[in-house]
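Welcome, and please open the model in your viewer. We will go from stop to stop, with a selection to make at each one.

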Amino acid sequence: MSSFIPKQYKKDPVTIRMTEEKTKRVDKAAAAHNLSRSEFINQCIDYALENMPKPKNSNN
């Protein structure tokens with residue numbers, strides 16, 4: 001599995017809802033990498049999508 005390397009880049013805005021505890025964890029991790037909450041979440045989503053297993057019946 002490849003490593004997650006946070007970096008800065010620009011994306012379109014979206015809204016999500018999270019528990020307060022998850023928001024605190026995300027904010028702490030984002031700050032540790034000198035990123036905004038949005039930048040960090042977007043990169044986490046990219047990483048998850050690139051590294052999750054494909055469904056067995058998927059043609060993609």
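How many nonpolar, polar and charged residues are in the lining of the second largest pocket? Keep in mind as you look that this is a predicted model. The lining holds four nonpolar, four polar and three charged residues.

**Stop 1: the pocket.** Select K7, Q43, D46, Y47 and E50. The second largest pocket encloses about 150 Å³ of space, and of the 11 residues lining this pocket, those five are the closest to its centre.

**Stop 2: helix α1.** Now select residues 20–32, the 13 residues of α1. Try a distance between the end C-alpha atoms: they are 18 Å apart, which agrees with the 18 Å expected at 1.5 Å a residue.

**Stop 3: the buried side.** Within α1, pick out T23, V26 and A30, which are buried. They cover an arc of only 65° around the axis, so they sit on the same side of α1. In general, an α-helix has 3.6 residues a turn, so residues three or four places apart point the same way. Add residues 37–51 to the view: this is α2, against which the buried residues of α1 pack.

**Stop 4: the other face.** Turn α1 around and colour E21, K24, R25, K28, A31 and A32. These exposed residues are on the face turned away from the buried side.

**Stop 5: the loop.** Finish at N34, in the loop between α1 and α2. N34 is not a glycine, yet has a positive phi of about 60°. Show the surface here too: N34 is exposed, with a relative accessible area of 62%, where over 50% counts as exposed.

Terms used: Residues are numbered from 1 along each chain as its sequence is written. This is a predicted model: local features need pLDDT of at least 70, side-chain atom pairs count only at pLDDT 80 or more; totals for chains, interfaces and linings use all residues. Side-chain values use heavy atoms; hydrogens and water are left out. Helices (H or I, at least four residues) and strands (E, at least two) are DSSP runs, numbered from the N terminus. The expected span of a helix is 1.5 Å times one less than its number of residues. Buried means under 20% relative accessible area, exposed over 50%, partly exposed in between (1.4 Å probe, protein chains only). The arc is that of the directions from the helix axis to the C-beta atoms. Contact means heavy atoms within 4.5 Å. On a 1 Å grid over the protein atoms alone, a cavity is a set of points where a 1.4 Å probe fits but cannot get out, and a pocket is an open set with protein on both sides within 12 Å along at least five of seven lines; lining residues have an atom within 4 Å of a point. Grid points are joined across faces, edges and corners, and a volume is the space filled by probe spheres set on the points. Ala, Val, Leu, Ile, Met, Phe, Trp, Tyr, Cys and Pro count as nonpolar, Asp, Glu, Lys and Arg as charged, and the others, Gly among them, as polar.
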